[in-house]
Amino acid sequence: MREISVWFIVDVIIKKIWFILLTIAVLAGSAFVVNSYFVDPIYAASSAVIGSNGAVGSEYEEAETTSSNKINSSDLASSLNMIDTYVDTMKTNAFYEAVVKRPEIVTLGYDATQLRQMVTVEKRSEYSLFIDVTVMSKNPKHAITIANSI
């Protein structure tokens, strides 16, 4: 059985360096051409929505002016429990039908089915009141407009 030394491997690489560099150049050029001419760019716009039962947000605003109002744990717990419902609601056809009727969305020309395919709605984490909304579109202005409208 023949042993392969490090010097043997280095010698082979040096002898075939032109082939290695040519292969790298061809693959890099191919990747550039494919990405430049055949792949449409997809833009993403994200926004965050805070969900609460109403008590959490209103008490927070009042708490800035007076120190007597505090967020109570039952309001926070009920808000956390409602987040899953909000996320599920934001995934329904009825929700997207309402969004399509907004004046800024009507001008874009999308229907509810198209919007639903473009939008991803997820709860940020188990103990967060935030819902993350991400819109994917071939037009960056459309993605921003839809994300801000939701």
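**Group meeting: salt bridges, sheet and confidence in a predicted model**

D11 and K15 both sit in helix α1, residues 6–15, and because they are 4 residues apart there, about one helical turn separates them. Their side chains meet in a salt bridge, with N to O at 3.3 Å. D11 counts as partly exposed at 34% relative accessibility, while K15, at 57%, counts as exposed.

I should say at once that this is a predicted model. The mean pLDDT of the protein is 85, and 87% of its residues reach 70 or more. Which elements have the lowest and the highest mean pLDDT? The lowest belongs to helix α3, residues 55–63, with 52, and the highest to helix α2, residues 17–37, with 94.

Now the overall layout. The protein has 8 helices and 3 strands. Along the sequence the pattern reads α-α-β-α-α-α-α-α-β-β-α. Of the 150 residues, 23% are buried. The accessible surface comes to about 10800 Å², and carbon and sulfur atoms account for 61% of that. If you take the contacts with a separation of 6 or more, 63% of them are between residues 24 or more positions apart.

Next, the sheet. In what order do the strands lie? The order is β1-β3-β2, in an open sheet with antiparallel pairing. That leaves β1 (43–50) and β2 (119–123) as the edge strands, each pairing on one side only. On average, neighbouring strands of this sheet are turned by 20 degrees against each other, direction ignored. As a reminder, strands of a sheet pair through backbone hydrogen bonds, either parallel or antiparallel.

Strand β3 covers residues 130–137, and 5 bridges join it to β2. One residue pair to look at is V119, whose bridge partner in β3 is V135. Helix α8, residues 140–149, lies across β1, β2 and β3 and runs at about 10 degrees to β1.

Back to the charged pairs. How many salt bridges does the structure hold? There are 5, including the D11 and K15 pair I opened with. Another joins R124 and D132, whose side chains meet at 2.8 Å, N to O. R124 is partly exposed, with a relative accessible area of 44%, and D132 is also partly exposed, at 24%.

R102 and E104 form a further salt bridge, with their closest N and O atoms 3.2 Å apart. R102 is partly exposed, at 36% relative accessible area. E104 is partly exposed as well, with 29%.

That is what I have; questions are welcome.

How values were computed:
Residues are numbered from 1 along each chain as its sequence is written. This is a predicted model: local features need pLDDT of at least 70, side-chain atom pairs count only at pLDDT 80 or more; totals for chains, interfaces and linings use all residues. Side-chain values use heavy atoms; hydrogens and water are left out. Helices (H or I, at least four residues) and strands (E, at least two) are DSSP runs, numbered from the N terminus. Buried means under 20% relative accessible area, exposed over 50%, partly exposed in between (1.4 Å probe, protein chains only). Contact means heavy atoms within 4.5 Å. Accessible areas come from the Shrake-Rupley method with a 1.4 Å probe; for residues, only the protein chains shown count as cover. Two strands pair if DSSP finds at least two bridges between them. Axes are lines fitted to C-alpha atoms, for helices over the stretch in contact, and angles run from 0 to 180 degrees between N-to-C directions. pLDDT is the predictor's confidence in each residue, from 0 to 100. A salt bridge is a side-chain nitrogen of Lys or Arg within 4 Å of a carboxyl oxygen of Asp or Glu.
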